[in-house]
Amino acid sequence: MTDTTHRPAAEARWAADEASTQQGPKGSLRPPESRGRTTIADSVAEKIVGMATREVTGIHNLGSGMARTIGGVRERVPGAQPSVTRGVHVEVGERQAAVDVDVVVDYGFPIVDVAADVRVNVISAMERMTGLEVVEVNVAVDDIDLPGAEDERDDRLE
């Protein structure tokens, strides 16, 4: 059963509480950008990380062995789009994110430098685009791309 008794004192208290939470220090409403809540899906963050990782010089591809194989076959299908998120996993919290990336590095590039560049690029892109603090970027180098090796693989697949 619903209580239908009119309680002016309680209503006034609720109105005062609501007004104080909506108002800033000078009694005005809070700025529009602070009203409401924004949530960012893991998949959105994974796309940002995938694009930021691919921008780094020395990155040949993303993903571990089986994921790259399946992705390579899928990309050969006419009209298929390459997966931006292959090899990327992001856990998004309310204010922070943690990133795991599986990469293939081009032969001749210093792996330590490439991994550091991935971290810098991913953190700056994520923090700039989402406002989330990136607490860690774990880079797993799963393979190295040797010059001419891709040509040999293409001949075997055809």
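## Strand β3 and its neighbours

Strand β2 (residues 88-92) pairs with β3 in the antiparallel sense over five bridges, in what is a predicted model. A hairpin of three residues joins β2 to β3, and within this pairing V92 has A97 of β3 as its bridge partner.

Strand β3 itself covers residues 96-106, and because eight of its 11 residues are buried, the strand is largely enclosed by the rest of the structure. The pairings of β3 with other strands are set out below.

| Strand paired with β3 | Sense | Bridges |
|---|---|---|
| β1 (residues 59-62) | antiparallel | three bridges |
| β2 (residues 88-92) | antiparallel | five bridges |
| β4 (residues 133-145) | parallel | 11 bridges |

In the pairing of β1 with β3, which run antiparallel, N61 stands opposite V104 of β3. The pairing of β3 with β4 is parallel and counts 11 bridges; the chain passes from β3 through helix α4 (residues 111-130) to β4, and this β-α-β crossover is right-handed. Within the same two strands, V105 stands opposite I144 in β4.

How does I144 relate to the surface? The residue lies in strand β4, and because its relative accessible area is 33%, which falls between the 20% limit for buried and the 50% limit for exposed, I144 is classed as partly exposed. I144 also belongs to a nonpolar patch on the surface, formed together with Y107, I111, V141 and L146, and these residues have about 430 Å² of accessible area together.

Conventions:
Residues are numbered from 1 along each chain as its sequence is written. This is a predicted model: local features need pLDDT of at least 70, side-chain atom pairs count only at pLDDT 80 or more; totals for chains, interfaces and linings use all residues. Side-chain values use heavy atoms; hydrogens and water are left out. Patches are made of residues with over 30% relative accessible area and no salt bridge: like charges are joined within 9 Å, nonpolar side chains (Val, Leu, Ile, Met, Phe, Trp, Tyr) within 5 Å. Accessible areas come from the Shrake-Rupley method with a 1.4 Å probe; for residues, only the protein chains shown count as cover. A salt bridge is a side-chain nitrogen of Lys or Arg within 4 Å of a carboxyl oxygen of Asp or Glu. Helices (H or I, at least four residues) and strands (E, at least two) are DSSP runs, numbered from the N terminus. Buried means under 20% relative accessible area, exposed over 50%, partly exposed in between (1.4 Å probe, protein chains only). Two strands pair if DSSP finds at least two bridges between them. A crossover is right-handed if, with the strands pointing away from the viewer, the path from the first strand over the helix to the second runs clockwise.
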